[in-house]
Amino acid sequence: MKNSVGREIPEYLEGYGQVKPFEGAFANYGDRCKTTVKLRSKKPGESKLVDTIDEVLDKVGIRDGMTVSFHHHLRNGDFVLNQVMAAIAKRGIKDITVAATGIFPIHEPLVALIKDGTVTGINVNYIAPGPVAKAISKGLLKNPAVLMSHGGRPRAIESGDIHIDVAFIAAPTADSYGNMNGVYGNAACGTLAYAVPDAQYADCVVAVTDNLVPYPACPIEITQDYVDYVVKVDSIGDPNGIVSGTLTVTKDPVGLRIAKLAAEVIEATDYIKDGMSFQTGAGGTSLAVAAEVRKFMKEKNVVGSFAAGGITGYMVDMLKEGLFRTLFDVQCFDFKAIASLRDNETHQWMSGSLYGNPHNRGAVVNNLDVMILGATEIDTDFNVNVVTGSDGVIIGASGGHNDTAAGSKISIVVTNLTKGRLPVVKDKVTTVTTPGETVDVLVTERGIAVNPRRTDLIEKLKETHLPVMLIEELKDLAERLTGKPEPIQVGDQVVAIVEYRDGTVIDVVRKVLD
């Protein structure tokens, strides 16, 4: 069957179930029910402290077919997922689903567990290029991986679409009764926001810490009433692996031109004004956009309401300069952001659900004015791909891409027109991550295209000197520079399912033929 973006998807997939096709970005709202929660109450005097991960596995009754979850705030410095999964594998447990908020190259040991059947399912909302992504792309995982968004995952947990048997929460600081924070300790990572729904809805919750402090821990982000057990290990992670992305403004002339054009689009469309809200990523070009926006804000004496998302030191500097009243932080990308979250009361954390869940009473993304997005590919319908590379191999998942595109008043994709001698603008993207109906503007070094749906933006940009053209013209220009690439040859096997933030299926990833 075909969904509303014209992608051919199966009606049923073994290991996933009945497929609900994507029907549109705003087609699936209304009354919702949250799932019930199973918990075991604690009597006075009953200890939560456990000596080892192996003992924890005994207490939680780990067995075949369970779903275990992990967060990725330690990113490529995380030790906890590997520690726990090694202990599970040692017991001969099979058919485990790993529900992780993120998977990185450090999690390469999962590949062996996929091959031997210890792990047969993976749900994830960010996956970095690396061994696990390649293993999934090759079809080694028994069941299709489910690629979600940062808002879609908490929605799935709260609705019961994902049922977590045991949540293992890496806690840079915890006390003996399970109160946790991420701003102190040797592996301080900032907020623990993505682990919040796991703590609230898992059958059993285990705090894994290397910094056990006297009761009560302070501050507290995840509270004791959600936690069953606390286990101290030698180390939960390497803080040097926490730093993510390019954390300085690009010096590349092409990237700087793209950033300047993007900022001029924001200014020309009247979004740089008092009370504005803004989000951008951690890449060099994205930070360059922030630098250009910063100049406009200072020139116009603008004070924004908030900046949001994954927070970098650059956004911390803008907060300190008084350019924003507050930061909403769902993950800290560097040490300056971690320190700011700890020390500055106007820098506040938000859960993944508060950030982007489409089925709560209103996510923060709904109040975003300006969102700066990246793209691996974009097509002439403005659909964006950030999941697969030009070779069809998995290189990511939505993260907050389709959450913020849907919520923001103007979503702007910034990208080079060509990458690696391949066109970025295509007739059809390899994999749809974010539907074109939520993408407003494409900015490249060669020109700017505006989604025809946004006639208001088209009219405003007509009055400027900016190089606005049709997206079809940008595609033709890219193909003149690079030639038209041959289509990727894929087989029938579905190796991953791309869920939109509302739980419908917007696309599938098929095994690439050798």
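**Figure 1. Strands β19 and β24 run side by side in the parallel sense.** Strand β19, covering residues 377-379, pairs with β24 in the parallel sense through two bridges. One residue pair to look for is Ile378 with its bridge partner Val425 in β24. Zooming out a little, these strands belong to an open sheet of three strands, ordered β20-β19-β24, in which the pairing is mixed. The edge positions are taken by β20 (384-385) and β24 (425-426); each has a single partner strand, so one side of each is left without a neighbour in the sheet. As a reminder, strands of a sheet pair through backbone hydrogen bonds, either parallel or antiparallel. Please keep in mind, here and in every view below, that this is a predicted model.

**Figure 2. The whole chain, for orientation.** Before the next close-ups, here is the overall setting. The chain has 14 helices and 28 strands. Its C-alpha trace spans about 70 × 55 × 45 Å along the principal axes. The radius of gyration is 22 Å, which agrees with the value near 24 Å that a compact globule of 514 residues would have. Of the 514 residues, 61% are buried. Among contacts between residues at least 6 apart in sequence, 72% join residues at least 24 apart. The accessible surface comes to about 20,000 Å², and carbon and sulfur atoms account for 49% of that area.

**Figure 3. Helix α2 and the loop that follows.** Helix α2 covers residues 80-90, and its buried residues are Val80, Leu81, Asn82, Val84, Met85, Ala87 and Ile88. Follow the chain onward and you reach Arg91, in the loop between α2 and β5 (96-100). Is Arg91 buried, partly exposed or exposed? With a relative accessible area of 33%, Arg91 is partly exposed. Setting aside neighbours within four places in sequence, Arg91 is in contact with Asp54, Leu57, Asp58 and Ile62. For a sense of scale, the C-alpha atoms of Arg91 and Ala202 are separated by 22 Å, the two residues being 111 apart along the chain. Also worth a look is Gly92, just after α2, which takes a positive phi of about 80 degrees.

**Figure 4. Two cysteines, Cys189 and Cys332, without a disulfide.** A disulfide is a covalent bond between the sulfur atoms of two cysteines. How many disulfides does the structure hold? The count is zero. For Cys189, the nearest cysteine sulfur is that of Cys332, 7.6 Å away, and Cys189 is in no disulfide. Looking from the other side, Cys332 is likewise in no disulfide, with the sulfur of Cys189 as its nearest cysteine sulfur. Cys189 has 0% relative accessibility and so counts as buried. Cys332 also counts as buried, at 0% relative accessibility.

**Figure 5. A salt bridge within helix α7.** The structure holds 29 salt bridges, and the next three views show some of them. Here Lys260 forms a salt bridge with Glu264, with the closest N and O atoms 3.7 Å apart. Both residues lie in helix α7 (residues 253-268), four residues apart, or about one turn of the helix. Lys260 counts as partly exposed, at 43% relative accessibility, whereas Glu264, at 16%, counts as buried.

**Figure 6. A salt bridge within helix α13.** Lys462 and Glu459 form a salt bridge, their closest N and O atoms lying 3.2 Å apart. These residues are three apart in helix α13 (residues 455-462), and therefore about one helical turn separates them. Lys462 is exposed, with a relative accessible area of 58%, while Glu459 is partly exposed, with 45%.

**Figure 7. A salt bridge between distant parts of the chain.** The side chains of Lys484 and Asp427 meet in a salt bridge, at 3.1 Å from N to O. This pair links distant parts of the chain, 57 residues apart: Lys484 is in the loop between α14 (471-482) and β27 (490-499), and Asp427 is in the loop between β24 and β25 (441-443). Lys484 is exposed, with a relative accessible area of 55%. Asp427 is partly exposed, with a relative accessible area of 33%. Which residues are linked with Asp427 and Lys484 in a network of salt bridges? They are Lys475, Asp476 and Glu479.

Methods: Residues are numbered from 1 along each chain as its sequence is written. Side-chain values use heavy atoms; hydrogens and water are left out. Two strands pair if DSSP finds at least two bridges between them. Buried means under 20% relative accessible area, exposed over 50%, partly exposed in between (1.4 Å probe, protein chains only). A disulfide is a pair of cysteine sulfur atoms within 2.5 Å. A salt bridge is a side-chain nitrogen of Lys or Arg within 4 Å of a carboxyl oxygen of Asp or Glu. The radius of gyration is taken over C-alpha atoms; the globule rule is 2.2 Å times the number of residues to the power 0.38. Contact means heavy atoms within 4.5 Å. Accessible areas come from the Shrake-Rupley method with a 1.4 Å probe; for residues, only the protein chains shown count as cover.
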